[in-house]
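Biologist: I should like to learn how salt bridges and a strand arrangement are read from a model. May we work through one case together?

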Amino acid sequence: IARMLLRKGVKKNYMAQIRTDSASNSKLMGVWKKAGLEVVVMGLEFVEKARLDFVNKRSVPETNIRALEIARQLGLKVWGCFIITPDFTKDDFRSVLEVCKRFKISYPQFTHLTPLPGTDLYADATSKKTPWVLLNSDPESFDWTRACFETTEMPSQYFQKEFRELYLRSYGVGFSEMLRKWLTGERDIITSVMLRLWLENVLR
């Protein structure tokens, strides 16, 4: 598809959601960069392999790191999605923040582990087969910005503080750029969505 766009001289800019095992292919990503790819949405999810295995991601941290390195080399912006589980410690939060800063992830997104109806996690959570206690089984409350399980490694108020700090500390210059675009009218879908996410999580 990318080669066809180049061949036909299509001049467009793109954002694409790509698995990290595909995004770790430098040749593939290089062609898409030439075709107009600007932003890559990656489901990085976790820094540790054990947690990746828990959500059946079928990926390893090394693949994620390789994908981030290639994106940085090509000058692609990354919308990096991470999942925060209720057993996170301060060190876990710090590890996620370090990855965001090391690879200069443009749009970090952090969501609470959420047991969506119809998934194995929901079935396990509602039948009390998960390591964590479900706080509320009402799907209306499953918006990814609110914790669904009781925290296990630190009191809830400290856990939420660490969660907010991720948004505050991971954006840095990226937030300033989003705010500038918003105030000057250069709004695009990414700026609108990420600014809303940032405000919802920091001000909650």
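The dialogue below takes up the salt bridges and then the sheet.

Biologist: What kind of model is this?

Modeller: This is a predicted model.

Biologist: How many salt bridges does the count come to?

Modeller: Side chains of opposite charge can pair when their charged atoms come close. With a cut-off of 4 Å between nitrogen and carboxyl oxygen, the count comes to eight salt bridges. One of them is formed by the side chains of aspartate 87 and arginine 51, at 3.1 Å from N to O. Aspartate 87 is located in the loop between β3 (77-84) and α6 (90-102), and arginine 51 in helix α4 (residues 49-54), so this pair ties together parts 36 residues apart in sequence.

Biologist: Are aspartate 87 and arginine 51 buried or exposed?

Modeller: Aspartate 87 is partly exposed, its relative accessible area being 23%. Arginine 51, with a relative accessible area of 14%, is buried.

Biologist: Which residue in helix α6 forms a pair with arginine 51?

Modeller: That residue is aspartate 92, and because arginine 51 belongs to helix α4, the pair ties together parts that are 41 residues apart in sequence. The two side chains meet in a salt bridge of 3.3 Å, N to O. Both aspartate 92 and arginine 51 are buried.

Biologist: Where do aspartate 91 and arginine 94 lie?

Modeller: Both lie in helix α6, three residues apart, which is about one turn of the helix. Their closest N and O atoms are 2.5 Å apart, and they form a salt bridge. Arginine 94 is partly exposed, with a relative accessible area of 41%.

Biologist: Which residues are joined into one network by salt bridges that share partners?

Modeller: The network consists of Glu48, Arg51, Asp87 and Asp92.

Biologist: Let us turn to the sheet. In what order do the four strands stand?

Modeller: The order is β1-β2-β3-β4, in an open sheet with parallel pairing. β1 (14-17) and β4 (107-112) are at the edges with a single partner strand each, so one side of each has no neighbour in the sheet. On average, neighbouring strands are turned by 15° against each other, direction ignored.

Biologist: Over how many bridges do β2 and β3 pair?

Modeller: Strand β2 (residues 37-45) pairs with β3 over six bridges, in the parallel sense. Opposite valine 39 stands lysine 77 in β3.

Biologist: Which strands do helix α3 and helix α8 lie across?

Modeller: Helix α3 (residues 26-35) lies across β1 and β2, at about 140° to β2. Helix α8 (residues 156-171) lies across β3 and β4 and runs at about 170° to β4.

Conventions: Residues numbered from 1 in each chain as written. Predicted model: local features only at pLDDT ≥ 70, side-chain atom pairs only at ≥ 80, totals over all residues. Heavy atoms only, no water. Helix = DSSP H or I, 4+ residues; strand = E, 2+ residues; numbered from the N terminus. Buried < 20%, exposed > 50% of the residue type's maximum accessible area, 1.4 Å probe, protein only. Pairing = 2+ DSSP bridges. Axes fitted to C-alpha atoms, helices over the stretch in contact; angles between N-to-C directions. Contact = heavy atoms within 4.5 Å.
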